[in-house]
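Work through the following exercises with the sequence and the 3D structure at hand. Each task is followed by its solution in steps.

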Amino acid sequence: MPNLLLLIFALASLACLIGLSMGALGLLLPALMPEKIQTTRQYLRPNSFWMGLGHGVALLFILSKADHRPLVGLLGVVWLVFALLCLALGLAAWVQHVGFLLWPEQPKARRSLGSAVVLAWACAFPYLGQILGIGLLLTAYGAGLAGWTKKPAVHDQGPGEDREEGLAFDAATARPPG
């Protein structure tokens with residue numbers, strides 16, 4: 001019985017640490033690359049899952065064929081670094097998006113940390129959480145890839161739109177976030 005409690009405590013601590021790390025990523029990357037994160041948020045769609053899955057399978061195929069082939073291995077490592085950058089962009093966009101949906105009135109720091117912990121805890125549960133986590137990671141990778149390679153959609157700021165969040169709101173019933 002004590003081993004089970006120790007395991008539960010270790011998994012809970014790990015989920016909180018991963019959530020706090022994603023929250024820090026959700027605060028750092030939008031400060032460094034706000035246009036890229038905004039573009040990535042526009043591509044958080046189901047099509048991004050399939051793009052992430054296709055690129056992930058192709059990356060795994062190239063890395064599996066890199067045995068005793070230095071150029072293929074170098075290509076795989078460069079692609080892996082680019083994939084990690086796209087994944088970081090996608091995760092930061094997920095954290096921002098979920099945070100705005102859950103707590104639109106909260107400050108950015110609290111919103112990012114809270115949504116990242118919620119995402120980490122949602123993925124911490126066995127089976128269903130793991131499937132959700134894989135789906136979130138593949139969608140984040142696909143959206144990050146699209147956000148990195150595509151140009152942001154140019155549109156004029158209407159009277160009921162907040163440029164910082166990129167989401168429309170009704171000025172009569174809602175206040176701008178943060």
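**Exercise 1: one helix and its buried face**

Helix H5, residues 108-124, has 17 residues and spans 24 Å from its first C-alpha to its last, close to the 24 Å expected at 1.5 Å a residue. The expected span is 1.5 Å times one less than the number of residues; helices (H or I, at least four residues) are DSSP runs numbered from the N terminus. This is a predicted model, in which local features need pLDDT of at least 70 and side-chain atom pairs count only at pLDDT 80 or more, while totals for chains, interfaces and linings use all residues. Residues are numbered from 1 along each chain as its sequence is written, and side-chain values use heavy atoms, with hydrogens and water left out.

Task: list the buried residues of H5 and find what covers them.

Solution. Step 1: buried means under 20% relative accessible area, exposed over 50%, and partly exposed in between, with a 1.4 Å probe and protein chains only. In H5, Arg111, Ser112, Ser115, Ala116, Leu119 and Ala120 are buried. Step 2: down the axis of H5, these residues fall within an arc of 155°, so they line one face of the helix. The arc is taken from the directions from the helix axis to the C-beta atoms. Step 3: their cover includes helix H1 (2-32), helix H4 (70-102) and helix H6 (128-149).

**Exercise 2: the nonpolar core**

Task: which elements give two or more residues to the largest nonpolar core?

Solution. Step 1: a nonpolar core is a set of buried Ala, Val, Leu, Ile, Met, Phe, Trp, Tyr and Cys residues joined through side-chain atoms within 4.5 Å. The largest has twelve residues, among them Met22, Leu44, Trp94, Ala116, Leu119 and Leu136. Step 2: H4, H5 and H6 each give two or more. Step 3: H4 supplies the largest share, five residues.

**Exercise 3: two buried residues**

Task: what are Gln96 and Thr39 in contact with, leaving aside neighbours within four places in sequence?

Solution. Step 1: contact means heavy atoms within 4.5 Å. Step 2: Gln96 lies in helix H4 and counts as buried because its relative accessibility is 18%. Its contacts beyond those neighbours are Gly26, Pro30, Ile37 and Arg41. Step 3: Thr39 lies in helix H2, residues 34-42, and is buried at 1% relative accessibility. With its own neighbours left aside in the same way, Thr39 touches Gly147, Lys150, Lys151 and Pro152.
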